[in-house]
Amino acid sequence: MRFYCIFRESSDPQMVRKGLERQWRQVRRFTETWPSGPNTIEHQVQVSESASRGCRAEWQEAVEQGIQLFRQGAIDAILFPEVDRETRNPVISIPILNLALSAGVPVFFAEEELHLDPGDPDAVNRYTEAMAKSCAYLATMVRKCRDGRFDRANSDHKLPSNGRMFGFDIVDGRRVPNLAQGEALRGAAQITLKEGRLAPAVKYLNENGFRTTYGKPFTTNTLRGLFRNRALVGETVIDFREKVVVLHHNPILDVAMFESLQALLDGRKLRAPRSEVFYALSGLVCCGKCGRKFESTKTGANRYYYRCTAHCGEKAWRKDELEWEVHEAFSRYLERRESQKECLELAQKSRAKLEEDRDQVARDLETNMREWKTLLEKDLAGYPDILISDKKRELMAERQSLEQRQARIEAELEALPSIDPAEVEMALSELAKPWQLANTGGYCVPSPMSWERGSAASAKWQPDTERKLTDEQARLLREMLLKLDCRITIRNRAVFISGKLPLVSSRVKQTAS
């Protein structure tokens with residue numbers, strides 16, 4: 001029988017890994033052992049295409065070429081190396097095989113010794129059965145491979161795969177620092193800590209000819225991910241489904257330098273913007289009309305503004321004016337700490353009173369139950385019915401009243417804020433400390449929008465204090481806004497600030513202004 005053989009590889013690397021040699025062995029063994037011999041390979045074609053893709057254009061073209069050769073009398077059948085290689089997407093592969101069967105071309109699979117006869121109505125069913133067996137085998141193989149990877153890491157303390165990482169070589173399944181790359185990483189880490197950003201370190205690596213494991217130049221994102229990997233301090237962490245396995249090996253960076261890098265990367269957003277003027281609210285202000293960010297801009301000499309990036313119509317704010325308004329809003333917020341403390345203490349006192357009342361109701365219910373038992377004993381002892389009935393009605397009414405009161409107290413307890421005043425006071429005190437240090441200049445805190453009202457009333461009016469923050473106040477303002485995860489929204493010249501107040505054991509939503 002003369003065969004037209006279709007070999008397929010999903011990628012060029014598979015060809016390098018001798019995938020074609022295996023397919024040739026399968027085909028040669030089939031032609032030598034198939035009983036209708038002598039069997040020969042008259043034509044062959046090699047396709048490089050993934051079997052799991054939604055389109056199998058090259059494979060379909062190869063099958064159609066085999067159909068043409070069959071019609072010309074050049075071949076007797078189409079031969080594939082094995083079912084497994086063509087079953088990754090049966091929705092695509094079955095219709096293409098049907099093209100050959102509909103044209104009267106017999107189809108063979110060498111490894112499974114499967115013959116699909118065009119005249120057999122169950123030919124496709126037998127193919128799907130073989131496909132199901134192959135898929136079951138693949139599932140078992142994947143499970144065993146996963147178990148083997150876990151055992152290799154957990155028991156043998158070796159890498160489960162040979163995934164490369166810049167700075168290391170793999171020797172006998174373990175990571176060993178590469179001297180040149182390790183020295184380059186130490187230099188990049190020192191530059192990053194000195195400059196406070198990643199860009200100079202990226203430039204240093206690229207200018208010295210170093211590339212990533214994919215052969216591409218370094219970027220800030222790739223270097224950030226590399227500096228986040230604990231393998232640099234000798235701990236390769238692998239998160240398996242069963243548990244997290246840590247493989248220990250020689251480090252590239254010492255722990256102190258690695259932790260300094262983490263602190264820098266974590267606090268990256270706390271850095272001052274790289275500008276000739278410090279914009280305390282850069283990246284924190286949003287437009288209330290369109291939702292876009294406000295950007296910092298300069299329109300002339302000493303003319304600095306915050307404006308909407310979408311230019312939606314919301315008026316721009318002078319830099320000093322907006323920063324002053326936000327700063328004053330926070331100052332007023334912190335000055336209210338005493339009143340907030342008193343409110344919370346009052347709520348705590350109310351909780352104590354309600355809990356006392358709840359305990360008293362519980363004791364009254366127990367007394368009522370004891371009286372019920374006594375009444376029952378009297379009833380059994382033959383007391384007059386009229387006395388028993390009156391006492392029953394009295395006890396029933398008392399019990400219903402106590403249960404209603406108990407339910408009301410429980411509802412009031414649930415409605416009270418579950419906040420410890422001591423924790424709130426501690427958090428507010430810590431929050432206020434740096435603010436008090438920054439506001440020791442003796443200026444008077446104006447009421448909201450007093451400057452605008454005064455300006456409208458008299459063109460000659462001037463504020464008592466220049467509406468401009470010092471550098472110390474501006475930097476402290478930005479640090480505090482970032483720590484509280486604050487969002488500043490501007491709508492129709494009104495400023496709204498919302499954020500989070502960090503407590504000792506919980507977090508409470510607060511609104512600054």
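**Exercise 1. The β6–β7 hairpin**

Determine how many bridges join strand β6 to strand β7, and in which direction the two strands run relative to each other.

*Solution.* Strand β6 covers residues 168-171 and strand β7 residues 174-177, and four bridges join the two, which run antiparallel. Strands (E, at least two residues) and helices (H or I, at least four residues) are here DSSP runs numbered from the N terminus, and two strands pair if DSSP finds at least two bridges between them. The next step is to locate a bridge: Val171 has Arg174 in β7 as its bridge partner. Finally, the turn can be described: two residues stand between β6 and β7 in this hairpin, and Asp172 in the turn has a positive phi of about 55 degrees.

The model is a predicted one, in which local features need pLDDT of at least 70 and side-chain atom pairs count only at pLDDT 80 or more, while totals for chains, interfaces and linings use all residues. Residues are numbered from 1 along each chain as its sequence is written, and side-chain values use heavy atoms, with hydrogens and water left out.

**Exercise 2. A salt bridge at the turn**

Identify the side chain that meets Asp172 in a salt bridge, and explain which parts of the chain the pair ties together.

*Solution.* A salt bridge requires a side-chain nitrogen of Lys or Arg within 4 Å of a carboxyl oxygen of Asp or Glu. The side chains of Lys158 and Asp172 meet in such a bridge, at 3.2 Å from N to O. Lys158 lies in the loop between α5 (123-154) and β6, and Asp172 in the loop between β6 and β7, so the pair ties together parts that are 14 residues apart in sequence. To compare the surroundings, take buried as under 20% relative accessible area, exposed as over 50% and partly exposed as in between, with a 1.4 Å probe and protein chains only. By these limits Lys158 is buried, at 18%, whereas Asp172 is exposed, at 54%.

**Exercise 3. Helix α6 from end to end**

Compare the span of helix α6 with its expected value, then describe what stands at its ends and what covers its buried residues.

*Solution.* Helix α6 (residues 179-195) has 17 residues and reaches 24 Å from its first C-alpha to its last, close to the 24 Å expected at 1.5 Å a residue; the expected span is 1.5 Å times one less than the number of residues. At the N-terminal end, Asn178 acts as a cap, with a side-chain oxygen 3.2 Å from the backbone nitrogen of Ala180. After the helix comes Gly196, whose phi is positive, near 80 degrees. The buried residues of α6 are Gly182, Ala184, Leu185, Gly187, Ala188, Ala189 and Thr192, and their cover includes α7 (199-207), α8 (220-228) and α9 (255-266).

**Exercise 4. Two further salt bridges**

For Arg29 with Glu111 and for Glu207 with Lys203, state how the partners are placed along the chain.

*Solution.* The structure holds 15 salt bridges. In one of them the side chains of Arg29 and Glu111 meet at 3.1 Å, N to O. Arg29 lies in helix α2 (residues 19-33) and Glu111 in the loop between β4 (107-109) and β5 (114-116), so the pair ties together parts that are 82 residues apart in sequence. Arg29 is partly exposed, at 43% relative accessibility, and Glu111 is partly exposed, at 36%.

In the second pair, the closest N and O atoms of Glu207 and Lys203 are 3.9 Å apart. Both residues lie in helix α7, four residues apart, which is about one turn of the helix. An α-helix has 3.6 residues a turn, so residues three or four places apart point the same way. Glu207 counts as exposed, at 58% relative accessibility.

**Exercise 5. The β11–β12–β13 sheet and Arg307**

Give the strand order of this open sheet, then place Arg307 within it and list its contacts beyond four places in sequence.

*Solution.* Three strands form the open sheet in the order β11-β12-β13, with antiparallel pairing, and the edge strands are β11 (294-300) and β13 (317-318), each pairing on one side only. Two bridges join β12 to β13, and Tyr305 has Arg318 in β13 as its bridge partner. Arg307 is found in β12 (residues 303-308) and is partly exposed, at 30% relative accessibility. Leaving aside neighbours within four places in sequence, Arg307 is in contact (heavy atoms within 4.5 Å) with Lys293, Phe294, Glu295, Thr297 and Ala316. The C-alpha atoms of Arg307 and Lys293, which are 14 residues apart along the chain, are separated by 8.4 Å.

Note on methods:
Polar contact = N/O pair within 3.5 Å; in protein donor to acceptor, adjacent residues only side chain to side chain.
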